[in-house]
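Here's a walk through one protein chain, starting with its charged pairs and moving on to what sits inside. Have the model open while you read.

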Amino acid sequence: MGDATRNIPELELEAVIGFNGHVPFGLRLHPNRKHLIYPLGSIIILKRIEDGKQEFLHGHSNNVSCISVSKSGFYIASGQVNFMGFKAAVIIWNYAERTIHAQLLLHKAKVEAVAFSPSDKYLVSLGGRDDGSIIVWNVETKQAICGSPASAYGAGHCLTVEYSNTNDNIFASAGNGTLRVWELDIANRKIWPTECRTGKLNRTVKCIEISEADQFMFCGTTSGDIMKINMKMRLLISNGPVKEKYNQGVSVVKVLESGDLLVGSGSGTLALCSKNDFKTFRQVQLEKGVTSIVFSEEGKQLFIGTEAAQMYSLSFEDFQAELMSTSHRSGVKDIAIPFATSELFATCSEEDIRLWLVGNPKELLRITVPNMTCNSLDFMIDGHSIISAWSDGKIRVFGPESGKLMLIINNAHTMGVTAIAGTRDCKRIVSGGGEGQVRVWELLPYGHRLLDIMKEHKAAVSCVKIKSNDMECVTASSDGVCIIWDLVRFVSLQRMIANTLFRTVCYHPDEHQIITSGTDRKVTYWDVCDGSSIRDLEGSQSGAINGMHITQDGSHFVTGGDDKQVKVWDFMLGDITHIGMLHGASISCTRICSNNCILVSASADGGIWRWKFPHPPSSY
């Protein structure tokens, strides 16, 4: 925490919705069977299964790319991605104290996988495609013991690494045309690889599972079959299924106590299959590819994570998957909270709009438009419709209870609709487009009508806000201009120009002032009458301010941006009153409910964070 924010009170966090399902084997269960451990952006979440209470591990500077828990449960290890030319950290966490035990910096650009030895003595880490090395670390001394290129010269890059279950000196690695068993020679500080003999079978291995007694190694491949390797002989025994292979490859394999296999595929199939001929006994279809399988309650129940950022629990008795939690699988673009309520809110992202219940962070409704991105959304003030702006240039109006499409405005903008707002009388919509035009639409009982097109912006419109009397609106654009428009005569009344790419704009409730923010890291107060700048606040130490919202009484506003901090400001004093430091990625938007109960912020990792708003409404 910087000096400027050191003594500022922290916001009280109420709930987090989010899970990065794209991380291979990213969902883990602690050996105490009480906590699920999973990544979201650059943080790691520890979620208590019993009551859903969440704790957070902060330390990575970029997205977490892999995660592992030691057999004893004392340690958690995680690796991250970084920019080219920079080192990617491996962090070993002390589970009991929730602190960093060691930060290991040797890999370049990305850490592909990490694995603990059975006694927690060593940690092996695998670098990504731009690094290509395997390094063995001593957990106690926090030093590297030795390293080696992961693949033989001429072989493809390595994708995964797995430690033996009984021997601290044996581990396996696999990838594109490479499958090796390594032996650690502590005396000479070397690791010696032995290539596994697979005959004419040439495969790209995505996952490795070693049986309890280290007798066999099962390798899931991108071709949709499983290779069974004798660990001692380093020899391929069999592979299968021969006929019906798994669509989009095998991404996870787990060995049951009986020796049979649980297989998760890239197409979302979870199957129980025979250890001998890989024949499927039972299977269930989930949404998107399976990336994690973990056992609970002595193998009677298991938890599954998928690429759709969803978690399921599955009972072995009926082999039925129950949805535990859902979240966005890509960055959240916008948030909307209905007027005069704090019971629910809506978010939009790639392909979908979702409605969430506040009390128990649960998804109420999902509205999906395949292969399109929803850039902005808003509730009409009567609460009877959700208006949304889409990348295909269409405005779609949905019913908030049923999710039914009530109206579609085709070709609303030529380069996608980027911003949208509805008037208080619920009869008009103002939209902004990627080409810089602002268009006003009238909603009719059986359709719509274009009232006017206002063309003054030279770049995409990023935000639209309408005055309470519905006679004026303000638009912010990435051309560095904010324009106040007359919605009766459809002409511009005032222009505010700054050396920035404007991201967001808000009317103060008295409507004599507006506040703007953007890439210049400043929050600027403007006079509506003459367009002059009244005041500049240093809104962020690093990066753009992407989201801003003001309370109904105008006494406070909230900002969030690339510095990953949610800040609550006093409007009159221009001081930060509270700060939220827990986000794991750039904050894309922030919203305060109209009765000052909750504050919702969302980020580029798909995470949605709900905070208790610290200031009750004033009698202003």
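Which side chain meets that of Arg-354 in a salt bridge? The partner is Asp-352, with N and O 3.0 Å apart. A salt bridge here is a side-chain nitrogen of Lys or Arg within 4 Å of a carboxyl oxygen of Asp or Glu.

Some ground rules before going further. This is a predicted model, where local features need pLDDT of at least 70 and side-chain atom pairs count only at pLDDT 80 or more, while totals for chains, interfaces and linings use all residues. Residues are numbered from 1 along each chain as its sequence is written, and side-chain values use heavy atoms, with hydrogens and water left out.

**Charged pairs**

Searching the whole structure turns up 20 salt bridges. In general, side chains of opposite charge can pair when their charged atoms come close. Three of the pairs are listed here:

| Pair | N to O distance |
|---|---|
| Arg-354 and Asp-352 | 3.0 Å |
| Lys-467 and Glu-472 | 3.6 Å |
| Glu-209 and Lys-254 | 3.9 Å |

Arg-354 counts as buried because its relative accessibility is 0%; the cut-offs are under 20% relative accessible area for buried, over 50% for exposed and partly exposed in between, with a 1.4 Å probe and protein chains only. Asp-352 is buried too, at 5%. Both belong to a salt-bridge network that also takes in Glu-287, Glu-363 and Arg-366.

Lys-467 is buried at 15%, and so is its partner Glu-472 at 18%.

The Glu-209 and Lys-254 pair ties together distant parts of the chain, 45 residues apart: Glu-209 is in strand β18 (residues 205–210) and Lys-254 in strand β22 (residues 250–255). Helices (H or I, at least four residues) and strands (E, at least two) are DSSP runs, numbered from the N terminus. Glu-209 is buried, with 12% relative accessible area.

**Around Met-217**

Glu-209 shows up again as a contact of Met-217, with contact meaning heavy atoms within 4.5 Å. Leaving out neighbours within four places in sequence, the contacts of Met-217 also include Ala-172, Leu-179, Val-181, Cys-196 and Met-231. Met-217 lies in strand β19 (residues 216–221) and is buried, at 0% relative accessibility. Leu-235, 18 residues away in sequence, is 9.9 Å from Met-217 between C-alpha atoms.

**Nonpolar cores**

A nonpolar core is a set of buried Ala, Val, Leu, Ile, Met, Phe, Trp, Tyr and Cys residues joined through side-chain atoms within 4.5 Å. The largest has 23 residues, and those touching the most other members are Leu-27, Leu-36, Tyr-38, Ile-45, Val-566, Leu-599 and Trp-609. Two or more residues each come from β3 (35–40), β4 (43–48), β51 (566–570), β53 (587–592) and β55 (608–612). The top contributor is β3, with three.

Leu-599 is in contact with Leu-11, Val-566, Arg-591 and Trp-609, among others beyond four places in sequence.

Then there's a second, separate core of 17 residues, with Ala-113, Ala-115, Tyr-122 and Cys-158 among them. Ala-115 is also one of the residues that Ser-68 touches, along with Arg-28, Tyr-75 and Phe-116. Ser-68 sits in strand β6 (residues 64–69) and is buried at 6%.

**Annotated repeats**

An unreviewed UniProt entry lists "repeat: WD" at several spans, including 104–147 and 504–536; such annotations may be inferred rather than shown by experiment, feature names are shortened, and positions follow the numbering used here. Residues 104–147 are 0% helix and 64% strand, with end C-alpha atoms 13 Å apart. For 504–536 the figures are 0% helix, 61% strand and 15 Å.
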